Amino acid sequence: MAKYLLLCLWLLSAVAGCLADDVTYVNEFYSKTPQKLAKYSWFGNVRLYYFRVPEDAVLVRWLLTAVRGSGFHCGDQNIAVHFRAGAPPVINPILTAFPNSSAISLAYNLTVNVHSGQAINVTLFNVTNPVPGDWFLAAHLPKDDGKIEQQGLPSCSYLFQPQMFVRRAADTPVLQANIPLTQTVTAPLKQAQLKVFVPEFASRLNVFIHTCSVKGGPASDCGLSISLGSTSLGQSSAITVNCSAEEPCTFSVANPPWNTWVRVTVEISQPNVTATFSISANHTVGCKPSSVPSDFNASLPLELFSLRSSSSNTSSNASTAPAPRANISDGACVQNPSVFREEQDVLSIRFAVSNGNLTVASEVPTMLALDLDSAVDSGGALVVQLDLNMSSLFGAFGSIRACLTPSAPVLQLNTSRSCDAAFMKGYSLRVSSNETKALLRIPFPEAALWYLSLQTICNSSTACRNTSAMVSVSMSVSACVDDCGPYGECRLLRTHSYLYAACVCKAGWLGWSCSDGSAAQSFSRQLSAALLLTLSNLLFIPPICVALYRGYHVEAAVYFFTMFFSTFYHACDQPGVTVMCIMDYDTLQFCDFLGSVVAVWVTIVCMARLKEPFKYVLFMAGTLIIAMVMQLDRRGLWNLLGPVLFALVIMVTAWVYRSVTRHHCYPPNWKRWVFFLLPGMLSALIGVCVYVFAQTDSNYYYTHSIWHIMVATSVVFLLPPREKHVPPWGWPHKLCGYKICRNQKEELYTVT
């Protein structure tokens with residue numbers, strides 16, 4: 001613990017010594033609870049950590065601690081750690097296919113190595129000038145090998161804990177519009193950190209270095225470089241320009257993020273020199289939409305509040321509506337219709353415009369704002385779909401181009417430039433007469449205000465006026481893409497207070513939305529697995545018959561209970577389409593687990609040959625305790641091992657007592673040992689070994705069937721012979737009306 005505290009103090013002193021200048025810096029420290037890592041098979045195996053990087057942070061240093069737990073023969077292990085700003089990281093460690101029309105940007109990742117002779121690994125990772133806001137770390141072990149590990153057995157476990165050290169500038173200088181600010185930088189440690197605010201509707205951000213003087217170097221070259229933006233470890237990052245030989249130096253970026261502080265970093269490349277410079281900034285408003293009227297009904301039609309009742313009518317009337325003409329105000333440079341946001345459920349949001357349709361013109365673009373500027377909206381998938389109304393084409397229509405961007409819109413759509421904004425990646429869509437539908441899916445969208453801009457592109461530049469078309473725009477956030485399809489299940493996950501969703505696939509299907517069928521199970525494979533797992537339980541019919549023949553009616557009832565619920569539990573537990581559930585899945589699972597353990601319990605207690613009152617008390621008490629334990633933890637190793645060991649103690653004690661009192665080994669007949677007990681114990685041992693050590697996801701359907709067969713076979717061999725005074729099938733000699741005659745003690749019980 002002392003070494004760990006010294007390491008933390010050293011980190012704080014190292015962070016405090018970096019980038020020292022006249023600005024006041026403060027240090028902050030954040031830590032998360034260690035979590036046990038799991039092998040990756042789907043996103044639910046990932047351990048997700050959520051951090052909040054404060055404004056004006058100039059350095060973030062992550063301390064990644066991996067600790068090996070208890071286990072035998074643990075070799076080298078690689079831990080994958082993924083980083084992303086703004087939303088959970090999109091990862092693909094097992095190289096599966098993503099669904100069609102998906103925009104994927106894989107997160108930055110690194111590997112933490114824990115060697116075989118190493119109990120702990122500490123890795124440092126620095127990010128200079130990080131993007132403020134939400135940061136997510138995801139950690140997991142390599143691909144799951146499919147081995148089914150039983151809880152309670154020794155295994156190699158790993159704990160992972162991220163901690164974040166932040167160096168933050170408490171009084172970062174602010175660049176006011178067109179007001180020069182004098183700054184000084186000294187190489188190689190010092191850099192000037194400034195910030196400028198970009199208001200809404202700004203189309204361009206300009207930064208100027210007016211004058212520059214150097215001490216200790218050539219007076220003709222300041223050797224300065226300007227960086228705009230912050231580091232996000234993704235496709236969006238800072239933009240840098242070299243101002244070495246230019247004075248004044250101008251740096252300009254188009255489509256800067258709106259309503260955001262933009263970091264301005266000035267560095268000097270020459271060693272051992274000091275540069276003093278004058279810097280200023282301004283922004284340009286290229287296009288500003290018209291102000292909405294004060295009348296609420298005019299700016300937001302009331303029919304939006306009955307979307308569920310009118311959505312079907314809207315879609316049906318869209319195809320028969322007459323060709324519209326774009327209603328563009330005089331002097332307007334952009335259309336900005338109101339967008340209605342409807343929160344339907346957790347990670348379920350729908351956006352809509354009036355009537356569900358847009359008239360997109362060629363003269364000016366149309367801009368829609370999608371409010372996802374909250375971390376609670378980034379854990380799902382953003383889906384945008386365009387549907388062109390072919391009956392609404394007017395003029396020299398060629399296509400409709402759309403750009404979807406976070407933080408700032410792209411309004412120059414009638415050019416060949418991309419949809420990327422200043423520091424953010426954009427996504428392009430297009431519909432035309434040949435392709436009337438366009439679909440875009442973005443898993444885990446960044447928490448930001450997104451903008452969808454659309455404009456009609458003419459097929460002839462000479463007649464490109466008064467051209468428009470109507471397009472239906474569907475915009476929504478869903479928990480999972482396509483609800484994971486028919487071979488997946490969408491599950492809501494949580495890390496502390498943050499909610500996100502992921503698909504767990506079945507029947508061999510893989511991928512982000514369970515749409516990758518490269519390893520999918522065929523119908524015959526699913527059917528054979530279902531038949532093996534269910535019909536193998538019919539091997540309990542011989543134990544039931546043997547128990548009835550020997551007069552063990554309670555044991556036979558337990559075996560029938562086990563056979564019945566194991567059969568229908570496995571019929572309900574199947575992946576794919578070969579599924580049949582006669583009742584709730586959780587009920588079937590509980591009864592299957594309970595019946596399995598109780599069957600073992602009553603068999604071993606029966607082998608002890610105790611007196612009936614005491615035997616049935618043990619049956620009932622053991623069953624009640626097992627039921628309680630199963631409700632607490634159904635998959636724990638001691639749920640089976642505990643009753644087995646306790647029953648074995650009872651059986652061995654009873655056998656030893658009989659051996660001592662009778663002065664010979666019990667059971668006394670060697671044929672009982674050779675032909676019954678030893679084969680029964682061998683069958684049970686084989687079944688346990690297969691159940692514990694041999695089961696994997698791929699061979700589960702036949703290894704678990706072997707477990708059923710071996711357990712049923714062992715019961716046939718291990719059940720003791722019937723008592724001498726009990727007739728075959730255990731029925732009494734006489735069933736006379738309301739009298740039940742017993743020949744054990746010659747007592748008569750009368751039922752009235």
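Biologist: In which helix does Arg672 lie?
Modeller: In this predicted model, Arg672 lies in helix H10, residues 670-694.

Biologist: Why is Arg672 called buried?
Modeller: The relative accessible area of Arg672 is 13%. Buried means under 20%, so Arg672 with its 13% is buried.

Biologist: Which residues does Arg672 touch, not counting those up to four places away in sequence?
Modeller: Arg672 touches Arg550, Pro667, Leu677, Phe717, Leu718, Leu719, Pro720 and Pro721.

Biologist: Where is the place of Ser232, and what makes Ser232 buried?
Modeller: Ser232 is in the loop between strand S14 (224-228) and strand S15 (239-242). Its relative accessible area is 10%; the limit for buried is under 20%, so Ser232 is buried.

Biologist: With which residues is Ser232 in contact, leaving aside neighbours within four places in sequence?
Modeller: Ser232 is in contact with Ala85, Val131, Trp135 and Ser237. Along the chain, Ser232 and Met424 are 192 residues apart, and their C-alpha atoms are separated by 10.0 Å.

Biologist: How many aromatic pairs are there?
Modeller: The count comes to 35 aromatic pairs.

Biologist: Why is the pair of Phe136 and Tyr498 called tilted?
Modeller: The ring centres of Phe136 and Tyr498 are 4.9 Å apart and the planes are at 55°. Rings pair if their centres lie within 6.5 Å, and planes neither under 30 degrees nor over 60 count as tilted. At 55°, the pair of Phe136 and Tyr498 is therefore tilted.

Biologist: What makes this pair a tie between parts 362 residues apart in sequence?
Modeller: Phe136 lies in strand S9 (residues 133-143) and Tyr498 in strand S30 (residues 498-505), so the pair ties those parts together. Phe136 and Tyr498 are both buried. They also belong to one aromatic cluster, with Phe43, Tyr50, Phe98, Phe444, Tyr500 and Trp512.

Biologist: How do you know that the pair of Phe560 and Phe564 is stacked?
Modeller: The ring centres of Phe560 and Phe564 are 6.4 Å apart, with planes at 25°. Pairing needs centres within 6.5 Å, and stacked needs planes under 30 degrees apart, so this pair is stacked. Both residues lie in helix H6 (residues 553-572), four residues apart, about one turn of the helix.

Biologist: Why are Phe560 and Phe564 called partly exposed?
Modeller: Partly exposed lies between the 20% and 50% limits. Phe560 has a relative accessible area of 45% and Phe564 one of 32%, so Phe560 is partly exposed, and so is Phe564.

How values were computed
Residues numbered from 1 in each chain as written. Predicted model: local features only at pLDDT ≥ 70, side-chain atom pairs only at ≥ 80, totals over all residues. Heavy atoms only, no water. Helix = DSSP H or I, 4+ residues; strand = E, 2+ residues; numbered from the N terminus. Buried < 20%, exposed > 50% of the residue type's maximum accessible area, 1.4 Å probe, protein only. Contact = heavy atoms within 4.5 Å. Phe/Tyr/Trp six-rings, centres within 6.5 Å; stacked < 30°, edge-to-face > 60°.
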